[in-house]
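This report describes selected features of a predicted model. Please read it alongside the sequence and the coordinates.

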Amino acid sequence: MRIPESELIINGDGSAFHIHLRPDELADIVILVGDPGRVAMVSEYLTDIEFTRQSREFVSTTGKYNGKRITVLSTGIGTDNIDIVMTELDALANVDFATREPKAGHRELTILRIGTTGAIQPDIPLGSPIFSHYSVGCDGLLNWYAGRDEISNLPMEKAFMKHTGWNENLPSPYFVKASEDLIRRFEDCTVKGVTISAPGFYGPQGRVVRLGLAMPDMLDTFESFSFDGYRITNFEMEGSAVAGLARHLGHKAGTVCCAIANRHLKSSNPDYKPQVRSLVELALDRLTR
């Protein structure tokens, strides 16, 4: 089936519309970072750099680490941007840009988001790397796609909504598990995480500046939730869309973040860059073993 020009926009140079990558420029291993400035930091560890490119918040480069080809791409903030990035990455891998038809064979990508996060459990120290075994989408993005229930842990989802007294005006949350392969690669060196992907930094993460919250006890109810050995560990803003769209599209994906704040302890570390750098080194090692 040919994909119309209005559905998949291809630039004149043969690159995907937003991220400006061409199919031949995409490696099988992809590292996603939110901050465009972190692409340069990750690139310091790569050899054989092929290119560096920027379009809006999407900065990209492809090089090698331990002899394996890796693409690094910034996404900016939010699951709406992840919807763009994941869709275009999959198109680069699995759509013939010349014919606009899906390729006969499926190319599987390994996609890891590296970011920063705020922990909500008192026993998670600042600087801890948290790997999101489950990402909780409070953004509603996956609810727009068919098969949403097939990729969500529905018993966990229902238990969470009951425990928190979920506000009916909010999007239904979804619980998506990361790639089992990536979980195994990181389980011995990270905190086992269940991560809330919030659609904002302030109210959606329980912060009060001048506006009150629809769920005033949100942090307490999130912290006290438990299900089958899992607990809510942290907040960030992109992982649920990474995990969810990857599951839909047939890719391995996960999110690992450095805890630079603890909401329960009301503490933060403004000098977190060395810890993020250590996390990048860890991730590159585990992805290329």
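## Pockets and selected elements of the predicted model

The second largest pocket holds about 250 Å³ of space. It is lined by 14 residues, and those closest to its centre are L170, G203, P204, M215 and M218. By class, this lining is made up of twelve nonpolar and two polar residues, with no charged residues.

The largest pocket encloses about 460 Å³, and its lining counts 23 residues, of which T116, T117, F201, M237 and I260 lie nearest the centre. Strands β7 (110–119), β13 (234–236) and β14 (252–262) each contribute at least two residues to this lining, and the largest share, five residues, comes from β7. The table sets out the two pockets side by side.

| Pocket | Volume | Lining residues | Classes in the lining |
|---|---|---|---|
| Largest pocket | about 460 Å³ | 23 residues | seven nonpolar, nine polar, seven charged residues |
| Second largest pocket | about 250 Å³ | 14 residues | twelve nonpolar, two polar, no charged residues |

F201, one of the residues nearest the centre of the largest pocket, belongs to the loop between β10 (191–197) and α6 (218–224). Leaving aside neighbours within four places in sequence, F201 is in contact with R207 and M237, and M237 is likewise among the residues nearest the centre of that pocket. F201 and F235 are 34 residues apart in sequence, while their C-alpha atoms are 9.2 Å apart in space. Is F201 buried, partly exposed or exposed? With a relative accessible area of 40%, a value between the limits of 20% and 50%, F201 is classed as partly exposed.

Helix α4 (residues 154–164) has M156, E157, F160 and T164 among its residues, and these four are buried. Seen down the axis of α4, the buried residues fall within an arc of 100°, and they therefore line one face of the helix. An α-helix has 3.6 residues a turn, so residues three or four places apart point the same way. The face of α4 turned away from the buried side carries the exposed residues P155, K158 and K162. At the start of α4, a side-chain oxygen of N153 comes to within 3.1 Å of the backbone nitrogen of M156, and the helix is followed by G165, which has a positive phi, near 60°.

In helix α5 (residues 180–186) lies D181, whose side chain makes a polar contact of 3.0 Å with the side chain of R185. Because its relative accessible area is 17%, which falls under the 20% limit, D181 counts as buried.

Note on methods:
Residues numbered from 1 in each chain as written. Predicted model: local features only at pLDDT ≥ 70, side-chain atom pairs only at ≥ 80, totals over all residues. Heavy atoms only, no water. Buried < 20%, exposed > 50% of the residue type's maximum accessible area, 1.4 Å probe, protein only. Polar contact = N/O pair within 3.5 Å; in protein donor to acceptor, adjacent residues only side chain to side chain. Contact = heavy atoms within 4.5 Å. 1 Å grid on protein atoms, 1.4 Å probe; cavity = no way out; pocket = protein on both sides within 12 Å on 5 of 7 lines; lining within 4 Å. Points joined across faces, edges and corners; volume = space filled by probe spheres on them. Nonpolar A, V, L, I, M, F, W, Y, C, P; charged D, E, K, R; others polar. Arc of directions from axis to C-beta.
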